[in-house]
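Ready for some practice at reading a structure? Work through the exercises below with the model open beside you, and try each task before you peek at its solution.

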Amino acid sequence: MDRLDNTIRPYAWGSPTAIPQLLGTEPTGEPQAEMWMGAHPGAPSRTPRGTLVEVIEADPERELGARAVARFGPRLPFLLKILAAGAPLSLQVHPDLEQARAGYAEEERRGVPIDAPHRNYKDANHKPELICALTEFDGLCGFRDPVQAAGLLDGLGVDSLKPYGDLLRAHPEDAALREVLTALLTADPEEMAHTVAEATAACTRLGGAYAPYAGIAHHYPGDPGVIAAMLLNHVRLQPGEALYLGAGIPHAYLNGLGVEIMANSDNVLRCGLTPKHVDVPELLRIVRFEPSDPGVLRPEASPEGEEVYETPTDEFRLSRYVLSEGGTTRDLTGDTPQILLCTAGTVRAGEHELGPGRSVFVPAGEQAEISGTGTIFRATVVV
């Protein structure tokens, strides 16, 4: 197995302290948003044998295993991250596989440069994802019941929001949500900024259930995404709890430190809380306009001590082992590729001693035993 040297992404919403605190390093004063572990071409992990992209390209079946290559092709199908949100991320959705393939092909046909700020599809893959909290973690996930959303808006006492509450009550659920989100994103910018300012003042004054939206507005004053966020379920995860985000589900992470795993894609369509491009027609085509329970996941433990976060996705499988002092050695050898990430304590993985934030890549079929006292997250695939 190979120890990984991983890139930290300095996105503006990142916490300046959470990842350094995990790694035991000094903060730089700059935001440190995500640490990437995997073979994404944008920031592949480095190994003593070269980048993980180079290692896999040299012998895909040796590194990934014949079954994984047959199922997903000669590439690592997942990307593992440590995510540290110090400010809200953009409200966003991800396409399903068919939508991603069609959207990518269309933008390629039109000659839209891959790095163009108005490009929607960076690749032809979908991007289901799972976030598991390491600290208390706040997020938005899926639409509320429209009548509940109407009640939340009405409670602000802002006259210009009353028509949205009426719309949410007057239509079937999917039509109501579509009509209100469309209206928010296409409203006159000056009028909407005034509405958001009034709503922000009310959220700050009322607190309680409105407090998260006052916090969002602090970072994105005047952004229609502040009101759009109130259409979504607010979720507070405790350490060890997780959220699964499938295609078309609007979501945003607000604050906290977590382990995130996703299909190896960079396709994002934004709904708000961002200075970046918002393609309203394409967004409305992708969003699933249906109320849903956020579905907080808790791991299911096996007799072997593996705690698995079950999802419907084959490109990744995330689990964890909580090892106690004097506990038995766990054998994680398998015929699929793995990344092992320590998040607490000190764990030995093969010949490598891992502290918090340190990780290794385990090729398919390579012996992988872990022992020690701490927590290890295991990322692999389902074949």
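In strand β6, the bridge partner of Glu 34 is Leu 83. Keep that pair in mind for the first exercise, and remember throughout that you're looking at a predicted model.

**Exercise 1. Find the neighbours of β6**

Task: Work out which strands β6 is joined to, and how many bridges join each of them to β6.

Solution:
- Step 1. Start from Glu 34, whose partner in β6 is Leu 83. Strand β3 covers residues 34-38, and five bridges join β3 to β6. These two strands run antiparallel.
- Step 2. Now follow Leu 83 into β12, where its bridge partner is Gly 258.
- Step 3. Count the bridges between β6 and β12: there are eight, and this pair runs antiparallel too.

**Exercise 2. Buried or exposed?**

Task: Decide whether the residues of β6 are buried or exposed, and sort them by the way they point.

Solution:
- Step 1. In a regular strand, side chains alternate between the two faces of the sheet.
- Step 2. Try that on β6: Phe 78, Leu 80, Ile 82 and Ala 84 point one way. Leu 79, Lys 81, Leu 83 and Ala 85 point the other way.
- Step 3. Check both groups, and you'll find that all of them are buried. Eight of the eight residues of β6 are buried, so the strand is largely enclosed by the rest of the structure.

**Exercise 3. A lysine on the inside**

Task: Describe the surroundings of Lys 81.

Solution:
- Step 1. Place the residue: Lys 81 belongs to strand β6, residues 78-85.
- Step 2. Lys 81 has a relative accessibility of 5%, so it counts as buried, the cut-off being under 20%.
- Step 3. Look for a polar partner. The side chains of Lys 81 and Glu 34 are joined by a polar contact of 3.1 Å.
- Step 4. Set aside neighbours within four places in sequence and list the contacts of Lys 81: among them are Trp 36, Met 37, Val 259 and Met 262.
- Step 5. Take a quick look at Trp 36 while you're there: Arg 9 lies over its face, at 4.3 Å from the ring centre.

**Exercise 4. Compare two ring pairs**

Task: Say what kind of aromatic pair Tyr 11 and Trp 13 form, and what kind Phe 143 and Phe 289 form.

Solution:
- Step 1. A pair of aromatic rings is described by the distance of the centres and the angle of the planes.
- Step 2. The count of aromatic pairs comes to three. One of them is Tyr 11 with Trp 13, at 5.8 Å centre to centre and 40° between the planes, which makes it tilted. Tyr 11 is partly exposed, at 29% relative accessible area, while Trp 13 is buried, at 14%.
- Step 3. Phe 143 and Phe 289 sit 5.7 Å centre to centre with 20° between the planes, and this pair is stacked. It links distant parts of the chain, 146 residues apart: Phe 143 is in strand β9, and Phe 289 is in the loop between α12 and β14. Phe 143 is buried at 3% relative accessibility, and Phe 289 is buried at 8%.

**Exercise 5. An unusual phi**

Task: What stands out about the phi of Leu 273?

Solution:
- Step 1. Most residues other than glycine have a negative phi.
- Step 2. The phi of Leu 273 is near 60°, a positive value in a residue other than glycine.
- Step 3. Leu 273 is in the loop between β13 and α12, and it is buried, with a relative accessible area of 1%.

Key. Residues numbered from 1 in each chain as written. Predicted model: local features only at pLDDT ≥ 70, side-chain atom pairs only at ≥ 80, totals over all residues. Heavy atoms only, no water. Helix = DSSP H or I, 4+ residues; strand = E, 2+ residues; numbered from the N terminus. Buried < 20%, exposed > 50% of the residue type's maximum accessible area, 1.4 Å probe, protein only. Phe/Tyr/Trp six-rings, centres within 6.5 Å; stacked < 30°, edge-to-face > 60°. Lys NZ or Arg CZ within 6 Å of the ring centre and 35° of its normal. Polar contact = N/O pair within 3.5 Å; in protein donor to acceptor, adjacent residues only side chain to side chain. Contact = heavy atoms within 4.5 Å. Pairing = 2+ DSSP bridges.
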